Each structure stands twice: as structure tokens, then as C-alpha cells.
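Reader: Hello! I would like a close look at one part of this model, the places where side chains and metal join pieces of the chain. Please walk me through them in one connected account.

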Amino acid sequence: MRLLLVEDDAMIGEAIRAGLKRDGFTVDWVRTAAAAAPALATEPYELLLLDLGLPGSDGLSFLKSLRARGTPLPVLIITARDAVADRVAGLDAGADDYLVKPFDLEELAARIRALLRRKAGRPAPHLEHLGLMLDPATHRVTRDGAEVALSPREFALLELLLERPGAILSRAQLEERLYGFGEEIESNAIEVHVHGLRRKLGADYILTVRGVGYRVRPAP
Ligand code: CA
């Protein structure tokens, strides 16, 4: 799951990026609203983490401009502004959640997962399909109850396919959802991860739709 972080504080930004990466998220980090706008226009982010006190256009104005344009992206405000009036203003400007600094990275990750569930219209915290269960919180995958050990990229790819079983994702769509700015992608990276998943889950769990992309096998 690829997220955009807008945060001007170098230490906080690095801590959030590193912490969320350990939790399996791909995080692109920019320092200003001016840098966030073009990134949002071109990359398929699942969620925006937005600081309020930013140089130039402040976070609240940026959020209002996004909502005025009809951007549906879930937005989680992360800020030191802890007054009730600030929280109310943030939520009423279109934020989906609001977390006051300093916060625990575990709580941030859990709130992100909750927002992504809501975005996907999925009430359960686990993803389940044809005997396979994937838990985004613990990064465990089981098949018919037996643990399956996946690499972080394999896990992230499987999570994308399981979010909407039946939907076909192209290689390009998978690449841009799995890899952030500046990350090297081997030209056959997605094929390699799919191959790894087939080896571990069985050859017929992920189907190739020739010339289009990949999907999980539909329920009978
Ligand atoms: Ca700030």
C-alpha cells in the first residue's frame, strides 16, 4: 500500500517513513504542499498523511483545496496542534482522522489500516479468499490454517490482489502501487514476485490474464 507523507520536520518525517516501511507500507515523503500536489496528480496513493504546520501553503488550506476539487483520497492529519478547535477544524475540512504528535507509530499504522478498510468497504480486519487468510496488521498469511512465509513484496502484492478479488491489475499498476519514488525496479520484478507466490500458494491461485495482468482465482 503506497502512501504520501507531507511533513516538513526531517526527524519526524524520517521516523514515520522508516516505521511505516517496517509495517509494510511504501511511503513517499515530501516536505511541502507544493510538492505534494504533483505527486498526488500522478501516483496512485491509497492515503495521505498530512502535517498542518508546513512552509508555504499550510496543511489545512491544502486539504480544503483537495476536497474542493473532489479528491476522495483518505487523509490522516498528523500535527502538534492538539486543541479541540484544531481537531474539529481538521475533520470538518475533510480529514478522515486526526492524530496528535507525539504519537506511537503502532497507533499510526493501525489508524491507517482502519482507514484503508473503510476505503475498501471491508468491515473485517483480515482478507480472506479461497481458504487463504491475510492479516495486514501482523503480516501473517495462512492457507487452510497453515502458515505461509512470504517476502515483504510478495505479501504486499498478494494484499493488492486480495483487496478486490476478481479485479485484474496490470504489471504497471502493481509496480506503481508497490514501489515508491527512487526505488529501483527490475523489469521482471512483478513476474518474480508472482512466481514466488505461485510456488508458495499453489500454481493456480494467481491467474495470468494474458495481455492484461493478474488476478486471484475467482470463487467457484
Ligand atoms: Ca510541521
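**The metal site and the ties along the chain**

Author: Happy to! Let us begin with Asp-8, which is partly exposed, its relative accessible area being 34%. Please keep in mind throughout that this is a predicted model. The label for Asp-8 follows from the cut-offs: buried means under 20% and exposed over 50%, so a value in between is called partly exposed. Gly-53 is also partly exposed, with a relative accessible area of 35%.

Both residues belong to the calcium site. Asp-8 (OD), Asp-51 (OD) and Gly-53 (O) coordinate the calcium ion at 2.1 to 2.3 Å. Written along the sequence, the spacing of these donor residues is D-x42-D-x1-G. Asp-8 sits in the loop between β1 (2–6) and α1 (10–22), while Gly-53 sits in the loop between β3 (47–50) and α3 (59–68); the pair therefore ties together parts that are 45 residues apart in sequence. If you count ligands for a force field, note that water is not among the atoms, so the site may look incomplete.

From the metal we can move on to charged pairs. A search of the whole structure finds 19 salt bridges, and three of these pairs are worth a visit here. In one of them, Glu-43 bridges to Arg-2, with the closest N and O atoms 3.0 Å apart. Glu-43 lies in the loop between α2 (33–42) and β3, and Arg-2 in strand β1, so this pair ties together parts that are 41 residues apart in sequence. How accessible are the two partners? Arg-2, at 2% relative accessibility, is buried, whereas Glu-43, at 22%, is partly exposed. The cut-off for buried is under 20%, so the value for Glu-43 falls outside that class. Arg-2 and Glu-43 do not stand alone, since a network of salt bridges links them with Asp-28.

Next comes Arg-153, which forms a salt bridge with Glu-183, the closest N and O atoms being 2.8 Å apart. This pair links distant parts of the chain: Arg-153 is in helix α6 (residues 152–163) and Glu-183 in the loop between α7 (171–178) and α8 (189–201), 30 residues apart. Arg-153 counts as partly exposed at 25% relative accessibility, and Glu-183 counts as partly exposed at 30%.

Further along the chain, the side chains of Asp-204 and Arg-217 meet in a salt bridge at 3.7 Å, N to O. Here Asp-204 is in the loop between α8 and β10 (206–209) and Arg-217 in the segment after β11 (213–216), 13 residues apart. The relative accessibility is 40% for Asp-204, which is partly exposed, and 26% for Arg-217, also partly exposed. The distance of 3.7 Å counts because the limit for a salt bridge is within 4 Å.

Finally, let us return to α6, the helix that holds Arg-153. Helix α6 lies across β6, β7 and β8, running at about 110° to β7. These strands are part of an open sheet of 4 strands in the order β6-β7-β8-β9, with antiparallel pairing. The edge strands, each pairing on one side only, are β6 (127–129) and β9 (146–148). From one strand to the next, the twist averages 25°. Within the sheet, β7 (residues 132–135) and β8 (residues 140–143) pair over 4 bridges, and Asp-135 stands opposite Arg-140 in β8.

Definitions and conventions
Residues are numbered from 1 along each chain as its sequence is written. This is a predicted model: local features need pLDDT of at least 70, side-chain atom pairs count only at pLDDT 80 or more; totals for chains, interfaces and linings use all residues. Side-chain values use heavy atoms; hydrogens and water are left out. Donors are N, O and S atoms within 2.8 Å of the metal (3.2 Å for Na, K and Ca); water is not among the atoms, so sites may look incomplete. Helices (H or I, at least four residues) and strands (E, at least two) are DSSP runs, numbered from the N terminus. Buried means under 20% relative accessible area, exposed over 50%, partly exposed in between (1.4 Å probe, protein chains only). Two strands pair if DSSP finds at least two bridges between them. Axes are lines fitted to C-alpha atoms, for helices over the stretch in contact, and angles run from 0 to 180 degrees between N-to-C directions. Contact means heavy atoms within 4.5 Å.
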